[in-house]
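Trainee: Got a few minutes to go through a structure with me? I'd like to start with helix packing and then see where the chat goes.

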Amino acid sequence: MLIRFLYLSAIWFALSLLATLIVGARLRRSDPTLSLGWLAAVILAGNLIAIFTFGRIFEIIILSLIAFGFGGYWIMRLRDWNAAGQVTWSMTVLTTILFIIYAFMLTAFSPLNPISFVFALIFFFLEAITLVLALAHMHESLDVVCRTRWHRLVDKLEPVPGYQPMVSLHLPAYNEPVEVLEKTLTSLARLDYPNFEVLVVDNNTPSEQTWRPLEEICRRLGPNFHCLHLDQWPGYKSGALNFAVAQTDPSAEIIGIIDSDYEVEPDFLKELVPAFADSQVAFVQTPQDYSDYKGDLFSESTYRGYKYFFEVSMPARNERNAIIFAGTMGLIRKSVLEEIGGWDEWCITEDAEASLRILKRGYQSLYIKRSFGRGLMPFNFEGLKKQRFRWCFGGIQILKKHWESLMPWAHWVDPDNKLTLAQRFYYLVGGLGWFSDVFNLLFAFFLILGAVFNIFSSPVQVRPLTDTVLVIPAVFLLLHILRFLWVLRNRLRVSLGVAMATMYNFFSLGWAVTLACLQGLVQREGVFLRTPKSKSASRAWHAVHVTQWETTIALLCIAAGLLSYIINPNWRTLSLCFLLFWQGSLYLAAPIYSLMSLRREATLASQVSEQGRPVAEQWAARWVVALSMVLIAAFSLISFLPEPVALPDYTRFLPVDLSVSSVSPASPFSSLGGLNTSTPTATVTVHSANCREKPRGNGERLAILYAGDQVEITGRNEDLNNPWWYVTIPNSTESCWLWGMTATTNGPVDDLPILP
Amino acid sequence: MQRELQTELSRLLEEAQHDVEQGKRENAYQASLKATRLAPDEPMAWYLRAQSAPSNEEHLICLSRAYSLDPLLKPARTELRSAVHRLLKQEPFLAYVHETEELYQVRSGLDLLINIPKNRAFEPPYLKKNPSLLKPAFTWLYLSLLALLLGGVGAVLFAPITAFQVLRIQSRPLYRADRVRLLVIMILSLLVWIVSIPISWLFLIRFFP
């Protein structure tokens, strides 16, 4: 029943999501009656498919009632969403819960030796966490596209007559080209606001020739432009910004952060300062935008990748007062910054960290979705990789320090912690979300090992490759990819090609994110990634060289998948090959994007500032290598322990698997009986299954069948709830009894003769 | 002797204050100079000397000294910021020397050693986190969670040890927050223990199928 419910729920999930992809963004009203009607329609459509495939009307009715109740609950909870979003969300949650239950049952009751079981348990936890994170992404996507009522959306702030407090704009710089800074400062000089100062804080730039010209530029631009150079200054960018706070005009009420490469529009302050008339507003953030993205796919996809955060994540967070202060193009109340103790100097994403501490004190934040300035993106893939490493490392630092503030019991530990449930959720998911790439690498590793053991026909296994294990995760993967592309297309207004390029741009940085996560877990102080240097003068070779790890992983995945299928061709190894190709493509994106960035590199200089101690990529990767070695060593231990010789008693709790053909609408009459005359077959789904003389667990063993063995069924026992199939032993004329829990069936089994 | 010094200092300070107000800078400077020599740890003396100092450098040094002796001397703090700004207009170079919870000590491009106030509250840095009394309980809880992941048998043993650690620590005087944390650890260890029983059973039956 669990499996049938899972398949049915997956059908509802697929139907509702596909409908949402088509009409979800256009439906601009939310009406509970309409939503309930749509929920019923999706359930009925799914039921039709179910009736024509695996039958069981009574079960379908029960399951439909449960799903309707579950969907109804979410429709009542998500009143600001349209019907498409509400139904898709409820079906996604339902399917995810069911799959997690199924995966646990499979882990718990498959006949595995103890070490295999431990691996299966680890794999299960990884899978469950990944699915929960995928749920969070689904929620965010539906929240921004299917939302019909926005409560905190502000396009333009109303001016407050007479309210023009002093604003101090801080411009931190490290080793920046003077031409870039001059453009930024000139744009600030054109600000249409009467009461502001600009502090240019150059910290630790080694060459005097680089920072001295700033002095002259500031002098030229007027008395409200101040320049200071800080030498041997600790605390990286935060240290410099904290000193700037000390040098801020005492009458300043608001502080703004501007990156050194941003050209700011004249109305930046005029439009945003009115937000601070409300004394509860502590900071305002606007999107970070870039001007140099047109002309090549690398730049365009990188640009869209940045935009995704400001078009999807920030509006969703803003609805719950949970935005992140992203530094540049944001304003912050000076008194609040002083109250929280300034910028934290241990964190390399000090702006995001500060926003969490501010929200903890119960202040309000505001996101204005209009870009007021444009900066420069990293000039090549190497720069992008370093930047993403830094962001992720900072995210992990924040998570490590503030995890307790985000827990359900945070209010009891610290009554002054005023974070709401939604704020805690967004900050927690934001931090944990980085680990998706670590899990992705682990999945790739598990798949490669699976393929290697398959190539050498080793009996080691972590989880039986049942049809459900192959089909449902593939459905999840496909639907979540479609959902991601849909959000990109809808929110960023891009073509499908650019959306796909943007998606792969995210994937291409998975390795850098993985390194940052692992490094962040073991290292306290800020570090930056140093990519390998190549001795060759060829830029193309260097571009490939800086992605050598990603390329190696990609090639390993592809080679393992191909070999596995070539040596042992069947549809399971084909599925494994497909999954490995998919994983390989995620890592292969890195060298491809690196090569694509060559065109951009030729025209621009590097704008990625680095702070912290340098960590060579080879050095950072040692954690991955160490983890892999431990896994391989532990994996090899599996073969030292015997697999269960007979089918253990506990396997009776194993969910009975459905074959793919029995739920495929392509053959709707396959299980109706009488209409299909083909001979039914059974395919063994567990590692090894005993074939017995009698349909009982204590019957004498006549043969052992192995995973993937397909045998012809010539009869069955009477009890369909605990089926035993009378099968023909391969390469023999004899027959034996195979327990139904260990195999899936193809063809009409209901009409088989019942044998004693 | 002490009283005489104090009387003399008060007189000099009053005189300097009066001269500053009257615009008699030279007289004020002489009086405050004597005052700073007489009592080098008197912030008001340095502040008044700064008020009448003949050069910007001396003005800055005196303010810096006054501020470092008494960070609550608000006029010194305010004027110091303006003085540093004037200095930075001449020479924007500042090198880090040292810092305390209240001030930065820097060396300017003109080789002046200046104390600059930190304009913010002080938050204990993350890296200098003090060791917590709760550490053993947390350590055993982490071990229990890890053991749960690795088959559950270890968690059956470690979770009660965690609970024991909680009870042991609870007998000590603790902050309210730590008491709540201990309660949370206790609940979590109980949950881990409950979950670990079926998982360890599933693990153990693999040995005796």
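Mentor: Sure, and one term up front: a crossing of two helices is called right-handed if the near helix is turned clockwise from the far one by less than a right angle, and left-handed if it is turned anticlockwise. Also keep in mind that this is a predicted model.

Trainee: OK, so which hand is the crossing of α12(A) and α13(A)?

Mentor: Right-handed. The helices are α12, residues 350–360, and α13, residues 381–402, both of chain A, and their axes come within 9 Å and cross at roughly 30 degrees. Angles under 35 degrees count as roughly parallel, so α12(A) is roughly parallel to α13(A).

Trainee: Which residues of α12(A) and α13(A) meet?

Mentor: From α12(A) you have Ala352(A), Glu353(A) and Leu356(A), and they meet Gly394(A), Ile398(A) and His402(A) of α13(A). Sorted by class, that contact of α12(A) with α13(A) has three nonpolar, two polar and one charged residues.

Trainee: Got another helix pair? At what angle do α6(A) and α7(A) cross?

Mentor: Roughly 20 degrees, with the axes of α6 (residues 178–189) and α7 (residues 208–221) of chain A coming within 10 Å. α6(A) and α7(A) are therefore roughly parallel to each other, and their crossing is right-handed.

Trainee: And what does α6(A) bring to meet α7(A)?

Mentor: Val178(A), Leu181(A), Glu182(A), Leu185(A) and Ala189(A), which meet Thr210(A), Pro213(A), Leu214(A), Ile217(A) and Leu221(A) in α7(A). By class, the contact has eight nonpolar, one polar and one charged residues.

Trainee: Switching to strands. What is the order of the open sheet of 10 strands?

Mentor: It goes β9(A)-β6(A)-β8(A)-β4(A)-β1(A)-β2(A)-β3(A)-β1(B)-β2(B)-β3(B), and the pairing is mixed. At the edges stand β9 (364–367) of chain A and β3 of chain B, each with a single partner strand, so one side of each is left without a neighbour in the sheet. From one strand to the next, the twist averages 30 degrees.

Trainee: Where do β3(A) and β1(B) pair, and in which sense?

Mentor: β3(A), residues 225–231, and β1(B) pair in the parallel sense over three bridges. Asp231(A) stands opposite Ala95(B) in β1(B).

Trainee: How about inside chain A, say β1(A) and β4(A): how many bridges?

Mentor: Five, joining β1 (residues 166–173) to β4 (residues 252–257) of chain A, and these strands run parallel. Met166(A) has Ala252(A) as its bridge partner in β4(A). β1(A) also pairs with β2(A), residues 196–203, in the parallel sense over seven bridges, and there Leu171(A) has Val200(A) as its partner.

Trainee: Then what about β4(A) and β8(A), parallel or antiparallel?

Mentor: Antiparallel, with four bridges joining β4(A) to β8(A), residues 330–333. Gly256(A) is partnered there by Leu331(A) in β8(A).

Trainee: Is there a second sheet to look at in chain A?

Mentor: Yes, an open one of three strands, in the order β5-β10-β7 of chain A, with mixed pairing. β5 (263–264) and β7 (289–290) of chain A stand at its edges with a single partner strand each, so one side of each has no neighbour in the sheet. Two bridges join β7(A) to β10(A), residues 373–375, and these run parallel. Tyr290(A) stands opposite Gly375(A) in β10(A).

Trainee: Last topic, the two chains together. How many residues does each chain give to the contact?

Mentor: Chain B gives 35 and chain A gives 41. Which element gives the most on the side of chain B that touches chain A? That's α8(B), with six residues. By class, that side of chain B divides into 25 nonpolar, four polar and six charged residues.

Trainee: And how is chain B built overall, in helices and strands?

Mentor: Eight helices and three strands. Its radius of gyration is 31 Å, well over the 17 Å that the globule rule gives for 209 residues, so chain B is more spread out than a compact globule.

Trainee: Why call chain A as compact as a globular protein of that length, then?

Mentor: Chain A has 25 helices and 19 strands. Its radius of gyration is 30 Å, close to the 27 Å that the globule rule gives for 756 residues, so chain A is as compact as a globular protein of that length.

Terms used. Residues numbered from 1 in each chain as written. Chains lettered and ligands numbered in written order. Predicted model: local features only at pLDDT ≥ 70, side-chain atom pairs only at ≥ 80, totals over all residues. Pairing = 2+ DSSP bridges. Axes fitted to C-alpha atoms, helices over the stretch in contact; angles between N-to-C directions. Parallel < 35°, antiparallel > 145°, perpendicular 65-115°, else oblique. Contact = placed C-beta atoms within 7 Å. Nonpolar A, V, L, I, M, F, W, Y, C, P; charged D, E, K, R; others polar. Rg over C-alpha atoms; globule rule 2.2 N^0.38 Å.
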